[in-house]
Amino acid sequence: LCRMLSAASRSPVGTRLLATASTMSFYSLAGTKGDGSPLPMEEFRGKVVYATNVASIEEQPAASTLCLSASDNGGGPDQLVILAFPSREFGRQEYDSDSDIQRFAESKNFPGILMKLGSVKGSKAQEVWKYMRESTGSSDPTWNFSKKYLVSKSGEVSVPRGNVEVAIEALMTE
């Protein structure tokens, strides 16, 4: 999964922030990890969060650079959190169960957190995903790995524009 995460991350440089219409904050939310345990977003206060929709079966070769870059630049669990949102909504290119997804991720040494298998589209999307989509004015993903969000150390959600690694590095130095 790690090498899949930075696929399609190259476009004009810059990061767009949009105002949140909601009174909720990223840190007031909680998600569910693939193992069924709760995951309060408050745990990530003071860290940069990179989130994307993923599919284990569709491996994309350009992605290992993100994980390597994060660790090379002082990233890692103390500064950078990767949230992977698996979904079977695009060509059913994800395993049927969270346990199968977890096994696959472990076999690839995925350094991030796998969220529970679920939807990333429309009203059925997981609460954390919906919040990131709505707070940025973003649309639903059109395919695996097509949506990416960054959350700053202060909880501002953005859609990375351009090189995701550069955007992450900029947020980590704030």
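This is a short tour of selections to make in the viewer, going from the main core out to three helices. Keep in mind that the model is predicted.

**Stop 1: the largest nonpolar core**

Start by selecting Phe26, Met41, Leu83, Phe85 and Met132. In the largest nonpolar core, which has 23 residues, these five touch the most other members. Now colour the elements that each give two or more residues to this core: strand 4 (48-54), strand 5 (80-86), helix 3, strand 7 (148-151) and strand 8 (157-161). Which element gives the most? That's helix 3, with 4 residues.

Next, zoom in on Met41. Setting aside neighbours within four places in sequence, Met41 is in contact with Phe26, Tyr27, Leu29, Ala30, Gly31, Leu83, Met115 and Val128. There is also another core, lying apart from the one you've just been looking at; it has 17 residues, and Ile82, Ala105, Leu114 and Val164 are among them. As background, nonpolar side chains in soluble globular proteins tend to be buried together.

**Stop 2: helix 3 and its rings**

Stay with helix 3 and select Trp129, then add Tyr149. How are their two rings arranged? The ring centres are 5.1 Å apart and the planes sit at 80°, so this pair is edge-to-face. Trp129 belongs to helix 3 and Tyr149 to strand 7, 20 residues apart, so the pair links distant parts of the chain. Trp129 is buried, at 0% relative accessible area, and Tyr149 is buried too, with a value of 0%. Add Phe85 to the selection: ring pairs join Phe85, Trp129 and Tyr149 into a cluster. The count of aromatic pairs comes to 3.

Before leaving, click on Ser135, which also sits in helix 3 (residues 127-136). Is Ser135 buried or exposed? Its relative accessibility is 3%, so it counts as buried. Its side chain reaches the backbone oxygen of Met132, at 3.3 Å.

**Stop 3: helix 2**

Move to helix 2 (residues 98-107), where you'll find Asp100. Asp100 counts as partly exposed because its relative accessibility is 28%. Try a distance from here to Gly34: the two C-alpha atoms are separated by 10.0 Å, though the residues are 66 apart along the chain.

Now select the buried residues of helix 2, namely Asp98, Ile101, Phe104 and Ala105. They cover an arc of only 125° around the axis, so they lie on the same side of helix 2. A helix fact helps here: with 3.6 residues a turn, an α-helix has residues three or four places apart pointing the same way. What do the buried residues of helix 2 pack against? Show strand 5 and strand 6 (113-114) to see their partners. Then turn the view around: the face of helix 2 away from its buried side carries the exposed residues Glu106 and Ser107. Just after helix 2, pick Asn109, which takes a positive phi of about 55°.

**Stop 4: helix 4**

Last, select helix 4 (residues 164-172). Its buried residues are Val164, Glu165, Ala167, Ile168, Leu171 and Met172. Look down the axis of helix 4: these residues fall within an arc of 160°, so they line one face of the helix. What happens at the start of helix 4? A side-chain oxygen of Asn163 reaches to within 2.8 Å of the backbone nitrogen of Glu165.

Notes:
Residues are numbered from 1 along each chain as its sequence is written. This is a predicted model: local features need pLDDT of at least 70, side-chain atom pairs count only at pLDDT 80 or more; totals for chains, interfaces and linings use all residues. Side-chain values use heavy atoms; hydrogens and water are left out. Buried means under 20% relative accessible area, exposed over 50%, partly exposed in between (1.4 Å probe, protein chains only). A polar contact is a pair of N or O atoms within 3.5 Å; within protein, one must be able to donate a hydrogen and the other to accept it, and residues adjacent in sequence count only if both atoms are side-chain atoms. A nonpolar core is a set of buried Ala, Val, Leu, Ile, Met, Phe, Trp, Tyr and Cys residues joined through side-chain atoms within 4.5 Å. Contact means heavy atoms within 4.5 Å. The arc is that of the directions from the helix axis to the C-beta atoms. Rings of Phe, Tyr and Trp (its six-membered ring) pair if their centres lie within 6.5 Å; planes under 30 degrees apart count as stacked, over 60 as edge-to-face and the rest as tilted.
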